[in-house]
Amino acid sequence: MNIIKNIKYILKNNILKSIVLTTSTINFSMSMYGAIVIIFLIKDLKLSESLTGIILSLGGVGALLGSFITPRLIKKFDVLSVMIFGPIIPSFGLLFMGFSYGKAGIFVFITGIIFCYAARSIGSIARMTVQQIILPSHIRGEISGVMMMITWGMIPLGSMVGGLVSDILGLRTVLILAGILLIFSNFWMINSDIRKYRNILSDDQVVL
């Protein structure tokens, strides 16, 4: 079957394998977060429905911020460096959200959600850029489809786990575990063998 052949192709390529592992871990952790965050804000932080909606919308600010700075980071450094190291620090934002307590916790949560979504934008843009460059054009669509199937498959799984864990260990524990997983997602990239791709991913081939 082609799908098995394509999966083998991905696993043999260290960059593609790292992209799949990283994105899968991100989708899993963010789905854990998404499954319980509204309940957490209303039940634990005692926010109104309207304020909850406003605060959650600030994730979009983080995403826009990440989208704005990523091309500039790539031009200043290079796309591989941004893909590997760019999301690490802002990834701690999701973990911060798990330590939101009381009224002051609202500001902690807002800071966390902005950083978290900025990290997601930075990583997504860099990973997609690298993926498009290193995949041959005649198999780009087919391989990208399989990668998407694998990584998006983590979304319902993460939501299910988030709901189950919240029943057993509580909402805050889900946020903390999701935050740890989001930070860990960066390590798939750090361990990848990237040196042989430096010439392929030279700055003059990356147009943003």
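Biologist: In which kind of crossing, left-handed or right-handed, does helix 2 pass helix 8?

Modeller: In this predicted model, the crossing of helix 2 with helix 8 is right-handed. On the helix 2 side, the contact includes Ser24, Asn27 and Phe28, and on the helix 8 side it includes Met154, Ile155 and Leu157.

Biologist: Why are helix 2 and helix 8 called oblique to each other?

Modeller: Their axes cross at roughly 45 degrees and come within 7 Å. Roughly parallel needs an angle under 35 degrees, and roughly perpendicular runs from 65 to 115. The angle fits neither range, nor the one over 145 for roughly antiparallel, and therefore the pair is oblique.

Biologist: And what makes helix 2 roughly antiparallel to helix 9?

Modeller: Good one to compare! The axes of helix 2 and helix 9 cross at roughly 150 degrees and come within 8 Å. Angles over 145 count as roughly antiparallel, so helix 2 and helix 9 get that name. Helix 2 passes helix 9 in a left-handed crossing.

Biologist: Which classes of residue make up the contact of helix 2 with helix 9?

Modeller: There are 16 nonpolar, two polar and three charged residues.

Biologist: Now to Thr23, in helix 2. How do you know whether Thr23 counts as buried or exposed?

Modeller: Its relative accessibility is 16%. Buried means under 20%, so Thr23 counts as buried.

Biologist: What makes the link between the side chains of Thr23 and Arg127 a polar contact?

Modeller: The distance is 3.0 Å, and the cut-off for such a pair of N or O atoms is within 3.5 Å. Leaving aside neighbours within four places in sequence, Thr23 is in contact with Arg127 and Thr151.

Key. Residues are numbered from 1 along each chain as its sequence is written. This is a predicted model: local features need pLDDT of at least 70, side-chain atom pairs count only at pLDDT 80 or more; totals for chains, interfaces and linings use all residues. Side-chain values use heavy atoms; hydrogens and water are left out. Axes are lines fitted to C-alpha atoms, for helices over the stretch in contact, and angles run from 0 to 180 degrees between N-to-C directions. Helices (H or I, at least four residues) and strands (E, at least two) are DSSP runs, numbered from the N terminus. A crossing is left-handed if the near helix is turned anticlockwise from the far one by less than a right angle, and right-handed if clockwise. Contact means heavy atoms within 4.5 Å. Buried means under 20% relative accessible area, exposed over 50%, partly exposed in between (1.4 Å probe, protein chains only). A polar contact is a pair of N or O atoms within 3.5 Å; within protein, one must be able to donate a hydrogen and the other to accept it, and residues adjacent in sequence count only if both atoms are side-chain atoms. Ala, Val, Leu, Ile, Met, Phe, Trp, Tyr, Cys and Pro count as nonpolar, Asp, Glu, Lys and Arg as charged, and the others, Gly among them, as polar.
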